[in-house]
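Colleague: Hey, have you got a minute to walk me through this model? I'm new to reading structures, so plain words please.

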Amino acid sequence: MQRTVGGVVITVTHTKTDHARRTTSGPIQLWSLALSSPGIDCSATIGVAGRSTEADDDVFATLVDIALLQYVSAGADGDPLAAPEISAWKRRHDAGLRLLVSRLRGEGRQRE
């Protein structure tokens with residue numbers, strides 16, 4: 001599943017289910033979140049508890065919310081989401097990212 005915010009294509013893909021770590025919400029699902037544009041090229045793996053392995057609107061909204069809106073890097077070397085160009089893009093497009101999450105969650109609820 002893909003969406004574009006501020007000229008950056010955000011792609012979410014399910015990578016695997018970690019059955020070794022179960023939660024009350026289900027196993028940990030590992031997702032790849034990729035950001036791509038002429039000035040940005042990064043990907044990160046995000047683990048979310050749940051059963052869904054389909055990149056639907058709710059999953060996409062959750063991953064964008066966790067990885068791009070709530071996540072604050074400790075500045076560790078090798079952290080793809082801590083790169084200066086990613087941080088600058090997130091600051092510039094915070095409102096657009098929040099609107100995307102809100103719309104995706106609204107569309108997901110309408111289908112239920």
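**A first look**

Modeller: Sure. Of the 112 residues of the chain, 38% count as buried. Keep in mind that this is a predicted model.

Colleague: Okay. How many helices and strands does the chain have?

Modeller: The chain has three helices and four strands. Along the sequence the pattern reads β-β-β-β-α-α-α. The radius of gyration is 14 Å, close to the 13 Å that the globule rule gives for 112 residues, so the chain is as compact as a globular protein of that length.

Colleague: And what does the C-alpha trace span along its principal axes?

Modeller: About 35 × 35 × 20 Å. If you're curious about the surface, the accessible part comes to about 6500 Å², and 49% of that belongs to carbon and sulfur atoms.

Colleague: Let's talk about the sheet. What order do the strands have?

Modeller: The order is β1-β2-β3-β4 in an open sheet of four strands, with antiparallel pairing. β1 (2-5) and β4 (40-49) are the edge strands, each pairing on one side only. From one strand to the next, the twist averages 30 degrees.

Colleague: What do strands of a sheet pair through, again?

Modeller: Backbone hydrogen bonds, and the pairing can be parallel or antiparallel.

Colleague: Right. So how many bridges join β2 to β3?

Modeller: Eleven bridges, with the two strands running antiparallel. β3 and β4 pair over ten bridges, while β1 and β2 (residues 8-23) pair over four.

Colleague: How does the chain get from β2 to β3?

Modeller: Through a hairpin of two residues. Another hairpin, also through two residues, joins β3 to β4.

Colleague: Can you give me some actual bridge partners?

Modeller: Happy to. Arg 3 has Ile 10 in β2 as its bridge partner. Arg 22 stands opposite Pro 27 in β3. In β4, Ala 44 is the partner of Leu 33, and Ala 49 is the partner of Ile 28.

Colleague: Staying with β4, which way do its side chains point?

Modeller: They alternate along β4. Ile 40, Cys 42, Ala 44, Ile 46 and Val 48 point to one face and are buried. Asp 41, Ser 43, Thr 45, Gly 47 and Ala 49 point to the other face and are not buried.

Colleague: Neat. Where do the helices come in?

Modeller: Look at α1 (residues 57-70) to begin with. Helix α1 packs on the sheet, where it touches β1, β2, β3 (26-37) and β4, and its direction makes about 75 degrees with that of β3. Then there's α2 (residues 84-92), which lies across β1, β2, β3 and β4 and runs at about 75 degrees to β4.

Colleague: I noticed Ile 10. What does it touch?

Modeller: Ile 10 is in strand β2. If you skip residues up to four places away in sequence, Ile 10 touches a list of residues including Arg 3, Leu 33, Phe 60, Val 64, Leu 68, Trp 89 and Leu 97. Its relative accessible area is 0%, so Ile 10 is buried.

Colleague: How far apart are Ile 10 and Ser 37?

Modeller: They are 27 residues apart in sequence and 9.2 Å apart in space, C-alpha to C-alpha. Across the chain, take contacts between residues at least 6 apart in sequence: 50% of them join residues at least 24 apart.

Colleague: What about Trp 31, is it buried or exposed?

Modeller: Trp 31 sits in strand β3. Trp 31 counts as buried because its relative accessibility is 2%, and the cut-off for buried is under 20%. The C-alpha atoms of Trp 31 and Ala 49 are separated by 11 Å, with their positions 18 residues apart along the chain.

Colleague: Switching to charged residues: is Asp 57 buried or exposed?

Modeller: Asp 57 has 4% relative accessibility, so Asp 57 counts as buried. Asp 57 lies in helix α1.

Colleague: Which side chain does Asp 57 make a polar contact with?

Modeller: The side chain of Arg 3, at 3.3 Å. Arg 3 is the residue whose bridge partner in β2 is Ile 10.

Colleague: And Asp 65, what does it touch?

Modeller: Leaving out residues up to four places away in sequence, Asp 65 touches Gln 70, Val 101 and Arg 105. Asp 65 lies in helix α1 as well, and Asp 65 is buried because its relative accessible area is 13%.

Colleague: Great, thanks. I'll go and find those in the viewer.

Note on methods. Residues numbered from 1 in each chain as written. Predicted model: local features only at pLDDT ≥ 70, side-chain atom pairs only at ≥ 80, totals over all residues. Heavy atoms only, no water. Buried < 20%, exposed > 50% of the residue type's maximum accessible area, 1.4 Å probe, protein only. Polar contact = N/O pair within 3.5 Å; in protein donor to acceptor, adjacent residues only side chain to side chain. Pairing = 2+ DSSP bridges. Axes fitted to C-alpha atoms, helices over the stretch in contact; angles between N-to-C directions. Contact = heavy atoms within 4.5 Å. Rg over C-alpha atoms; globule rule 2.2 N^0.38 Å. Areas by Shrake-Rupley, 256 points an atom, 1.4 Å probe, with all protein chains shown as cover.
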